[in-house]
Amino acid sequence: MFLAACSMKPTTETSTDTKSDSNGIEFEIAKNYFFKNDQEIPANPKITTAEEFGKLFGMAAVMGKDGQPTEIDFAKKFVIAIVLPVTNLATEITPVRLEEQGDTLFYYYDAKVGKAQSSSAQPISLITLDRKYADKTVVMINEQVTDYYSAVDRYLTEQIAGHYAQGEYCVPVSEFVAADDEDTTDIRIWGDFWVYNYKQVGDTLKCVSGGSHPGLIHVCQKGEHFYVYQFDQVEDGSTFLSSAKRIFGEYYETFRINHSNPDEREFNRAALLETFVRDHGLSATKYQDYGWPAKDLEITGE
């Protein structure tokens with residue numbers, strides 16, 4: 001994931017450094033670090049060595065009380081990191097709790113996204129916990145994701161969009177083909193999933209990067225929350241057709257028709273952009289792809 005951070009701000013967390021959930025799993029918030037802008041966002045949130053941590057994060061000491069970076073002893077602890085794409089939307093990440101279930105740690109966090117700011121930053125959150133949990137699989141669950149469609153959008157924004165050149169905003173466009181939600185441990189969603197990264201220039205959202213990722217997304221429900229745990233993507237190049245037929249199966253013809261209908265996709269894209277601009281208080285009134293004329297957005301009131 002190629003990142004071009006416009007600033008390197010330290011993490012901002014709550015005033016409580018150590019927390020634990022009802023299961024007694026304590027964790028400590030690690031403060032005053034930044035994610036290095038020449039690194040890819042790690043696919044695995046678990047960081048178990050000082051060498052790996054030092055490659056990804058730098059220290060961001062500030063003046064005043066508690067201004068020094070939190071010391072991390074990797075002989076006794078390891079880190080779970082949340083790193084989001086660069087954005088100028090006010091973003092607050094709050095660790096909530098950890099739940100242990102067999103060989104898995106479920107890490108619940110809250111990521112609130114607000115209005116546009118005058119500068120861009122890369123939101124991160126770091127916690128440390130006892131090394132006795134280091135061999136467990138870590139599953140991240142956003143507390144705000146309470147349906148499987150929003151889990152898909154969150155996954156596209158936080159995981160897929162980072163593979164492209166970064167803008168200030170990511171607006172995913174999901175063209176759903178079919179869904180099977182009978183088994184809440186494996187909710188299957190077939191679709192043509194697009195991501196678009198934008199940067200605002202004047203009154204125009206200019207698309208700086210993006211692309212299509214058709215395939216099958218697997219979502220799991222835990223309590224009231226949902227998370228994506230697997231994405232079977234259609235392959236590029238000469239194997240596109242064969243892999244699409246294999247992944248979509250009986251839904252392939254529906255996918256083929258949808259994928260070949262750019263007018264419908266453009267209509268949905270404009271509608272989602274209009275909602276995004278209104279919800280985040282942006283001043284944009286147009287959007288534009290590279291090499292194409294700008295198009296008007298119809299922004300309505302609250």
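A polar contact is a pair of N or O atoms within 3.5 Å; within protein, one must be able to donate a hydrogen and the other to accept it, and residues adjacent in sequence count only if both atoms are side-chain atoms. This is a predicted model, in which local features need pLDDT of at least 70 and side-chain atom pairs count only at pLDDT 80 or more, while totals for chains, interfaces and linings use all residues. Residues are numbered from 1 along each chain as its sequence is written, and side-chain values use heavy atoms, with hydrogens and water left out.

**Exercise 1. Find the polar partner of Ser209 and describe its setting.**

Step 1: Start with the strand. Ser209 sits in β14 (residues 204-222); helices (H or I, at least four residues) and strands (E, at least two) are DSSP runs, numbered from the N terminus.

Step 2: Check burial. With 13% relative accessibility, Ser209 is buried, where buried means under 20% relative accessible area, exposed over 50% and partly exposed in between (1.4 Å probe, protein chains only).

Step 3: Look for the partner. The Ser209 side chain reaches the backbone oxygen of Ala165 at 2.5 Å.

Step 4: Widen the view. Beyond four places in sequence, Ser209 is in contact with Tyr164, Ala165, Val195, Tyr196 and Asn197; contact means heavy atoms within 4.5 Å.

**Exercise 2. Which backbone oxygens lie by the side chain of Gln166?**

Step 1: Place the residue. Gln166 belongs to the loop between α2 (148-160) and β11 (169-170).

Step 2: Gln166 counts as buried because its relative accessibility is 15%.

Step 3: Take the two oxygens in turn. That of Tyr164 lies 3.1 Å from a polar atom of the Gln166 side chain, and that of Ala161 lies 3.3 Å from a polar atom of this side chain.

**Exercise 3. Describe how α3 and α4 meet.**

Step 1: Recall the convention. Two packed helices are described by the angle between their axes and the distance between the axes.

Step 2: Apply the convention. The axes of α3 (residues 240-248) and α4 (residues 252-259) come within 8 Å and cross at roughly 125 degrees. Therefore α3 is oblique to α4. Angles under 35 degrees count as roughly parallel, over 145 as roughly antiparallel, 65 to 115 as roughly perpendicular and the rest as oblique. Axes are lines fitted to C-alpha atoms, for helices over the stretch in contact, and angles run from 0 to 180 degrees between N-to-C directions.

Step 3: List the residues. From α3, Phe240, Leu241, Ala244, Lys245 and Phe248 meet Tyr252, Phe255 and His259 of α4.

Step 4: Visit the connection. Glu250 is in the loop between α3 and α4, and at 70% relative accessibility Glu250 is exposed.

Step 5: Follow a link to β14. Pro214 is found in that strand and is buried at 6% relative accessibility. Its contacts beyond four places in sequence include Phe240, Phe248 and Phe255.

**Exercise 4. Which residues touch the most other members of the largest nonpolar core?**

Step 1: Define the set. A nonpolar core is a set of buried Ala, Val, Leu, Ile, Met, Phe, Trp, Tyr and Cys residues joined through side-chain atoms within 4.5 Å.

Step 2: Pick out the hubs. This core has 18 residues, and Ile80, Leu98, Tyr107, Ile127 and Leu129 touch the most other members.

Step 3: Trace the sources. Two or more residues each come from β2 (26-30), β6 (77-83), β7 (87-101), β8 (104-121) and β9 (124-130). The largest share is that of β8, with four residues.

**Exercise 5. Is Asn32 buried or exposed, and what is its phi?**

Step 1: Locate Asn32 in the loop between β2 and β3 (33-35).

Step 2: Read the backbone. Asn32 has a positive phi of about 65 degrees, although it is not a glycine.

Step 3: Asn32 is buried, with a relative accessible area of 6%.

**Exercise 6. Where does pLDDT stay under 50?**

Step 1: Begin with the whole chain. Its mean pLDDT is 89, and 91% of its residues reach 70 or more; pLDDT is the predictor's confidence in each residue, from 0 to 100.

Step 2: Turn to the stretch in question. Residues 1-16 stay under 50, and the model has 56 contacts beyond four places in sequence for them.
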